[in-house]
Each structure stands twice: as C-alpha cells, then as structure tokens.
Amino acid sequence: MTVDLEALARDVAYLKDRLAIEDCIHRHARGHDRFDVELMTACYHADGIDEHGAAAINRGPDYGEWANQVHAQGALLNLHNITTHTCEIDGDTAHAESYVLVGLLNPDGVSVRFINGRYVDRLEKRDGEWKIALRRCTLDFMLQGDASLLKSPYISAAGYIKGQRDRSDVSYQRPLSLEKAVERL
C-alpha cells in the first residue's frame, strides 16, 4: 500500500484549520458565559467587527465589554450552546455558520429566555492563527419559560454547583478537584 503523503499533508492541514476555527467559536461562547473579556477579545482580529443587530456593531476588541454589560443588565446567568456548525475554507479565509442556543436566567431567578440564532462568520488566518474578521448574528426565535425548578427543594438538596460569571467558575479550576469549595444552588 502506498500513501500519498502530499494528499495526507493537505488533509491534516485542513483538519487542523477546521478544528482551530471551531475552537475559536467555542472559546468565544465560553468567554460570554464566564464574562471573560480577554477570552472573547482574543477571538477577534484587532480590526474585527461584530454585528449583533444594526444598532449593535462593535469592533472585536470592544465586543466583550459591550456583551458583558448587555448580559449583566438582562440576566443572572447565560449559557451559549453552539450546535450545528458548517465551515468553508478557502486558503486563509473561512466562512462559517454556527447555530447558537442561548439560555438567559432572568433577573427574577425563576424565569428563563431561550434565544435561537446563528453566528455567520468570516474568519481569517493571520500569522498562523484563525480569528473572527466579521461576525453577523441572526435572531431566529425566542421563547420564555419557567425556571422555578432551580429553586425547588430537590435541586437545593442535590447540591449542584452554581455557574459563575468569572474565573471563580469551576471550569477554570486547575487541577480540577473535589476539595475546592464552590458555590451551590
């Protein structure tokens, strides 16, 4: 059996690029939920742009502060879930579409909003690193629901960890251990 090393090298390079693009989009979502401005900012090129509607067009380096302010005003917690993801790579430019389902725990702590939309991104590879050059967001639907189960005796008794909007969140703990105290629901 002969191996076409050039084809293999192209396939590996494509897969590495594809994974780096998806990782960038996932890091951005994590930055949202942990209010990690550094993490969000690192996902944009210095001249990158983010459009969250015609009234909210931000330079990539300014986006994290803006997003944290918007989320803090309207929710106690938020979770950005990236689902369906497609990506077309053409050299050092990629066009990606990522579905996003955002859960927002309302300030009352007993109701929640779910927003479904898409991130439509142009990413560029500069100096060997993929980052967002332009992000445009769609808003496809919103739902509001009851989240009062979070305050139920069953959930309280179970002792689930409460997510945090900063680096005190358990996801930043290194090494992950059971010994470190965490806030519980």
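Which residue takes a positive phi near 75° in the hairpin of β4 and β5? Gly109 does, in a hairpin with five residues between the strands.

The model is predicted; local features need pLDDT of at least 70 and side-chain atom pairs count only at pLDDT 80 or more, while totals for chains, interfaces and linings use all residues. Residues are numbered from 1 along each chain as its sequence is written, and side-chain values use heavy atoms, with hydrogens and water left out.

**View 1. The hairpin of β4 and β5.**
Strand β4 covers residues 93-105 and strand β5 covers residues 111-126. Helices (DSSP H or I, at least four residues) and strands (DSSP E, at least two) are numbered from the N terminus. β4 and β5 are antiparallel and share 13 bridges; strands count as paired if DSSP finds at least two bridges between them. Two positions mark the register: Leu101 stands opposite Asn116 in β5, and Thr93 has Glu124 of β5 as its bridge partner. The backbone at Gly109 has its positive phi in the connection between these strands.

**View 2. The hairpin of β5 and β6.**
Strand β6 spans residues 129-146 and runs antiparallel to β5, with 16 bridges joining the two. Glu124 is bridged to Lys131 in β6, and Tyr119 is bridged to Cys137 in β6. Glu124 therefore appears in two views, since this residue is also the partner of Thr93 in β5. Two residues lie between the strands of this hairpin. Asp127, in the loop between β5 and β6, has a positive phi of about 50° although it is not a glycine.

**View 3. The sheet and the helices packed on it.**
Six strands form an open sheet with mixed pairing, in the order β2-β1-β6-β5-β4-β3. Its edge strands, β2 (57-59) and β3 (77-90), each pair on one side only. From one strand to the next the twist averages 15°; axes are lines fitted to C-alpha atoms, for helices over the stretch in contact, and angles run from 0 to 180 degrees between N-to-C directions. Helix α1 (residues 5-33) packs on the sheet and touches β1 (44-51), β3, β4, β5 and β6, contact being heavy atoms within 4.5 Å. The direction of α1 makes about 160° with that of β3. Helix α3 (residues 60-74) also packs on the sheet, where it touches β1, β2, β3, β4 and β5. The direction of α3 makes about 40° with that of β1.

**View 4. Strand β1, and Tyr44 between β6 and α3.**
β1 and β6 run parallel and are joined by four bridges. Tyr44 is bridged to Ile132 in β6. The ring of Tyr44 also forms one of two aromatic pairs (Phe, Tyr or Trp rings, the six-membered ring for Trp, with centres within 6.5 Å; planes under 30 degrees apart are stacked, over 60 edge-to-face, the rest tilted). Its partner is Tyr63, and the pair is tilted, at 5.8 Å centre to centre and 55° between the planes. Tyr44 is in strand β1 and Tyr63 in helix α3, so the pair ties together parts that are 19 residues apart in sequence.

**View 5. The largest pocket.**
This pocket (on a 1 Å grid over the protein atoms alone, an open set of points where a 1.4 Å probe fits, with protein on both sides within 12 Å along at least five of seven lines) has 22 lining residues, each with an atom within 4 Å of a point. Leu77, Leu79, Leu105, Leu150 and Leu185 are the closest to its centre. Its volume, the space filled by probe spheres set on points joined across faces, edges and corners, is about 590 Å³. β3, β4 and β5 each give two or more residues to the lining. β4 gives the most, with five residues.

**View 6. The second largest pocket.**
About 450 Å³ of space lies in this pocket. Of its 24 lining residues, His52, His71, Val102, Ile115 and Leu139 lie nearest its centre. α3, β4, β5 and β6 each supply at least two residues of the lining.

**View 7. Backbone details outside the sheet.**
Arg174 and Pro175 are joined by a cis peptide bond, with omega about -10°. Pro175 is in the segment after α4 (153-158). Phe35, which is not a glycine, has a positive phi of about 55°. Phe35 is placed in the loop between α1 and α2 (37-41).
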